[in-house]
Amino acid sequence: HCVGIIGAPFSKGQQRDGVQRGADLIRAAGLVQKLKGQGCVVKDYGNLTFEDIPNDEPIGRLKSPRAVGRANELLAGAVLKIKSDGNTCVMLGGDHSLAIGSISGHAASRHELSVLWVDAHADINTPLTTPTGNIHGQPLSYLIHELHSKIPIIPHFSWLKPCVAAKDIVYIGLRDVDPEEHYILKHLGIKTFSMTEVDRLGIAKVMEQTCDHMFSKVKKPIHLSFDIDALDPSVSPATGTPAAGGLTYREGIYITEHICQTGLLSAVDMVEVNPKQGKTEDEIKSTVNAAVDLLRSCFGRVREGSHEPDYQIP
Ligand SMILES: N[C@@H](CCCCC(O)O)C(=O)O
Ligand SMILES: [Mn+2]
Ligand SMILES: [Mn+2]
């Protein structure tokens, strides 16, 4: 696996300080060394620098629209470069509004994508349906062709064009979906595996049906957008919008092991780790370590273990 890492220390897609520190916390937990230790070729492209945008007044309900638009324009360019260099891209957030840039940049490189959105939330509010104005609850609405007519002109978003078809999106982990989002999911016929389906089917069947859906026509590169709040708060409490009844650590690892073995993973986002939302150092560690382990499983780590092909018992 050739892996390119980009850090996006950005928090203006929501209101809680601290999520901008996620990238460096994941690095400090040894992500690069651990990926190299399991045979990956890793290039760390460092962190993006986001210039402050003064007077970024709300537009309608949207909060920090100019900062979010600009940050994602920068991120899109960085992801495109990482893909052009032949890597699988790992974007470390930062809040989930960054998926706007990550998926845009990925689509600029690989045109048709399958998007697997692992999250307690649907993140598909439009600028007119959002209950909070936080753009981390809206990223998919800017990216989906079928919602283009529902997105108004927004300063610093003129670079952005929709690049994903509703049929190419699958959700796993939903348990906190706004009514407007639920209507959009049903109206667009988007494939969803809420926590009810995870409970009913079990994670193995969920992954089987996820892959059947994604590969039903042509096999496309996979963009995995993993919001750490998809995991149960007992595993990953240090996050801004925790919701009870989430994925176990094992279910999260199963998802990433399974996606790895498809051989189609082309980019992965790991977002919403917020150390300031952890009550103790242990809560922060548990959250960060889960993020690291999930990423290790994206790139070949398997729980049964592995050995060098030419190993022989001495
Ligand atoms: N649906 C809420 C909560 C969004 C949570 C965002 C997280 O998943 O990145 C909103 O729109 O503000
Ligand atoms: Mn979420
Ligand atoms: Mn999210």
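How are the donor residues of the manganese ion (ligand 3) spaced in sequence? The pattern reads H-x22-D-x3-D-x103-D, and it is a handy way into this structure. Keep in mind that what is described here is a predicted model. The predictor's scores come out at an ipTM of 0.99 and a pTM of 0.98 for the complex. For the protein, the mean pLDDT is 98, with 100% of its residues reaching 70 or more.

Put names to that pattern and the protein donors of the manganese ion (ligand 3) turn out to be His96 (ND1), Asp119 (OD), Asp123 (OD) and Asp227 (OD). These donors lie 2.1 to 2.2 Å from the ion. What about the geometry of this site? The manganese ion (ligand 3) has six donor atoms, with angles among them of 56 to 172 degrees, and the site is irregular. For reference, six octahedral donors would ideally give angles of 90 or 180 degrees. To be called octahedral here, opposite donors have to be over 155 degrees apart and all others between 65 and 115. An angle of 56 degrees falls outside those ranges, so the label for the manganese ion (ligand 3) is irregular.

This ion has a neighbour. The manganese ion (ligand 3) and the manganese ion (ligand 2) lie 3.2 Å apart, with Asp119 as a bridge. Asp119 sits in the loop between strand E4 (114-118) and helix H5 (139-143), while Asp227 belongs to strand E7 (residues 222-227), so this pair ties together parts that are 108 residues apart in sequence. Are these two residues buried or exposed? Asp119 has a relative accessible area of 0%, so it counts as buried. Asp227, at 2%, is buried as well.

Turning to the second site, the manganese ion (ligand 2) takes its protein donors from Asp119 (OD), His121 (ND1), Asp227 (OD) and Asp229, the last of which is listed with OD twice. The distances run from 2.1 to 2.4 Å. Written as a spacing, the donor residues of this ion follow D-x1-H-x105-D-x1-D. Why is the arrangement irregular here? The six donor atoms around the manganese ion (ligand 2) subtend angles of 57 to 170 degrees, and that spread is what makes the arrangement irregular. Like Asp227, Asp229 is buried.

Next come the charged pairs. Side chains of opposite charge can pair when their charged atoms come close. In this model the count comes to 14 salt bridges. One of them joins Asp17 to Lys276, with the closest N and O atoms 2.5 Å apart. This pair links distant parts of the chain: Asp17 is in the loop between strand E1 (2-7) and helix H1 (22-28), and Lys276 is in the loop between strand E8 (265-271) and helix H10 (281-298), 259 residues apart. Asp17 is partly exposed, at a relative accessible area of 41%, and Lys276 is partly exposed too, at 48%.

Another salt bridge brings together the side chains of Asp85 and Lys81, at 3.1 Å from N to O. Asp85 is partly exposed, with a relative accessible area of 35%, and Lys81 is partly exposed with 44%. Glu197 and Arg200 also meet in a salt bridge, at 3.5 Å from N to O. Both sit in helix H7 (residues 195-201), and because they are three residues apart there, about one helical turn separates them. Glu197 counts as buried at 18% relative accessibility, whereas Arg200 counts as exposed at 58%. Elsewhere, Asp24, Arg27 and Asp44 are joined into one network by salt bridges that share partners.

Finally, there is helix H4 (residues 99-110). At 1.5 Å a residue, its 12 residues should span 16 Å, and its end C-alpha atoms are indeed 16 Å apart, so the two agree. How many of the 12 residues of H4 are buried? The number is nine, and H4 is mostly covered. Among those buried residues are Ala99, Ile100, Gly101 and His106. Their cover includes helix H3 (65-84), strand E3 (88-92), E4, H5, E7 and E8. Just after H4, His111 takes a positive phi of about 45 degrees.

Key: Residues are numbered from 1 along each chain as its sequence is written. Chains are lettered from A and ligands numbered from 1 in the order in which they are written. This is a predicted model: local features need pLDDT of at least 70, side-chain atom pairs count only at pLDDT 80 or more; totals for chains, interfaces and linings use all residues. Side-chain values use heavy atoms; hydrogens and water are left out. Donors are N, O and S atoms within 2.8 Å of the metal (3.2 Å for Na, K and Ca); water is not among the atoms, so sites may look incomplete. Four donors count as tetrahedral if all angles lie between 85 and 135 degrees; four count as square planar and six as octahedral if opposite donors are over 155 degrees apart and all others between 65 and 115; anything else is irregular. Buried means under 20% relative accessible area, exposed over 50%, partly exposed in between (1.4 Å probe, protein chains only). Helices (H or I, at least four residues) and strands (E, at least two) are DSSP runs, numbered from the N terminus. A salt bridge is a side-chain nitrogen of Lys or Arg within 4 Å of a carboxyl oxygen of Asp or Glu. pLDDT is the predictor's confidence in each residue, from 0 to 100. The expected span of a helix is 1.5 Å times one less than its number of residues. Contact means heavy atoms within 4.5 Å.
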